[in-house]
Amino acid sequence: MQQSLRERFHQNLPARRPSDPEYVTELVDAILRGAREAMASDVHLHPTADHLEMKWRVDGVLQAVAEFPLELATKVVARLKVLAELLTYRTDIPQEGRLCVADDNVETRISTFPTLFGEKVVARLFVGSGNFRRLDELGLEPDILARLQRLLEQTGGVILFTGPAGSGKTTTIYAALREIVDKTGGSRSLVTLEDPIEVVVPGVAQSQVNPAVDFNMATGLRSQLRQDPEVLMVGEIRDRDTAETVFQACLTGHLVVTTFHAGSAAAAISRLCDMGIEPYLIRSGLLAVLCQRLLRKLCQCAIVSTEVDARMGLNVEQVRQPVGCDDCGGTGYDGRMLLTEMLVPDEAELGRAILQRSDARKLHQRAVEGGMIEQWERARQAVERGETSPAEVYRVLGSRGSV
């Protein structure tokens, strides 16, 4: 009989009565421990009119795990606030904090937000950070891994790590920092500007912005340039000022690695142009755009099928389809794999397209003509190898032809 996440969690609930003063402490410990064991990336605690609903995001998909009595809601939230050193008496404003679970050193970020029926809490757990510390542990395609490692040795230029929220950009950029630290033995000056600092990296001077005192990304980055840095990591480009400062920094002899929200490598360049960044800056300063997604991997219980929906455009003769078993909790999937594409704007036709402010579709076409293997082709190869399913490709990438 398949055992779901819900059943597994309920087996580990505290044996005490809910009225016991220690019950909530043990319940919160059980929630965090259970989420870590399930390799959940996020825990959602959402108060409704009659109960506190808990969902876990496992392999990128939210799954309902438990409901608690409403009278426990404020106590559970308060306990998490205490662990994250937040203000327990402020329930009318959003708050953010971090905690570290002592028994396995899992980095956890806590975010609270007022809603109609009370505070919603989301705990983000970096459960996989210990397993993916280096670039060669991420599952990058060999050609992309080799090229990225060479680019990280450059003394100037911008490397953009792009993708939607939850695509693993943070894990990749921290792995890139560790790669530089390990290969240079600390001989390069590495600094970061983040919002917030999510993972501590030894050998790197990490800083966190504070908008309350006008310490934002753009102003902080300008000041950091006077700190004799060689490599800068900017947590995320969110506005034109930050983007302009990043590209000015790379043209003055700094290697900059940063993240940017975009659905594809070509869309990232198009978005930068839309933000007002001059095409010549992008053409001169951009070393590469690495766009990534995370696809769920099929469990060993998957079965082979010759029924392939031609509308998917995958062009494969047979696929493996999810079934569900005890090992995967009935989902049919077990773990995730990295799906990437890397755009390097050193090809002449692509460079001209950038300078001409071409749209994302044309940039994508030029990049593919220049040798870039697009995400869809990587996905097709993964389906052909039986690593994932067409349905999962559609869930993550949408319909064929979107850039």
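Student: Where does I197 lie?
Tutor: Before we look, this is a predicted model in which local features need pLDDT of at least 70 and side-chain atom pairs count only at pLDDT 80 or more, while totals for chains, interfaces and linings use all residues. Residues are numbered from 1 along each chain as its sequence is written, and side-chain values use heavy atoms, leaving out hydrogens and water. Helices (H or I, at least four residues) and strands (E, at least two) are DSSP runs, numbered from the N terminus. On that numbering, I197 lies in the loop between strand 8 and strand 9.

Student: Is I197 buried or exposed?
Tutor: The cut-offs are under 20% relative accessible area for buried and over 50% for exposed, with partly exposed in between (1.4 Å probe, protein chains only). The relative accessibility of I197 is 15%, so I197 counts as buried.

Student: Which residues are in contact with I197, leaving aside its neighbours within four places in sequence?
Tutor: Contact here means heavy atoms within 4.5 Å. With the sequence neighbours set aside, I197 touches R98, Y174, Q206, S207 and Q208.

Student: What separates the C-alpha atoms of I197 and G235?
Tutor: Along the chain, I197 and G235 are 38 residues apart. In space, their C-alpha atoms are separated by 8.3 Å.

Student: Which peptide bond is cis, with omega near 0°?
Tutor: Stay with the loop between strand 8 (190–194) and strand 9 (205–208), where P196 is found. The cis bond leads into that proline, running from D195 to P196.

Student: What is the phi of N315?
Tutor: N315 sits in the loop between strand 13 (303–305) and strand 14 (319–321). N315 is exposed, with a relative accessible area of 69%. Although N315 is not a glycine, its phi is positive, at about 55°.

Student: Where is R357, another non-glycine residue with positive phi?
Tutor: R357 has a phi near 55°. Its relative accessible area is 46%, which makes R357 partly exposed. As for its place, R357 is in the loop between helix 10 (348–355) and helix 11 (360–369).

Student: D59 is buried yet has no salt bridge, so how far away is the nearest side chain of opposite charge?
Tutor: A salt bridge needs a side-chain nitrogen of Lys or Arg within 4 Å of a carboxyl oxygen of Asp or Glu. For charge, Lys and Arg count as positive and Asp and Glu as negative, with His and the chain ends not counted. D59 is in the loop between strand 2 (51–58) and strand 3 (61–69). The nearest opposite charge to D59 is R336, at 4.3 Å.

Student: Which backbone nitrogen does the side chain of D59 reach?
Tutor: Beyond its neighbours within four places in sequence, D59 is in contact with several residues, including R296, Y333 and R395. The side chain of D59 comes to 3.2 Å from the backbone nitrogen of G335.

Student: How many salt bridges does a search of the whole structure find?
Tutor: Side chains of opposite charge can pair when their charged atoms come close. Some form networks, such as the one linking R134, E179, D182 and K183. Across the whole structure, the number of salt bridges is 24.

Student: How far apart in sequence are the parts that R6 and E67 tie together?
Tutor: The side chains of R6 and E67 meet in a salt bridge of 3.2 Å, N to O. R6 is partly exposed at 29% relative accessible area, and E67 is partly exposed at 37%. R6 belongs to helix 1 (residues 5–11) and E67 to strand 3, so the parts tied together are apart in sequence by 61 residues.

Student: Which helix holds both R366 and E369?
Tutor: R366 and E369 form a salt bridge, with the closest N and O atoms 3.4 Å apart. R366 counts as buried at 18% relative accessibility, whereas E369 is exposed at 54% relative accessible area. The two are 3 residues apart, about one turn, and both lie in helix 11.

Student: Which residue forms a salt bridge with R238?
Tutor: R238 is partly exposed, with a relative accessible area of 46%. Its partner is buried, at 18% relative accessible area. The closest N and O atoms are 3.3 Å apart, and that partner is E236.

Key
Polar contact = N/O pair within 3.5 Å; in protein donor to acceptor, adjacent residues only side chain to side chain.
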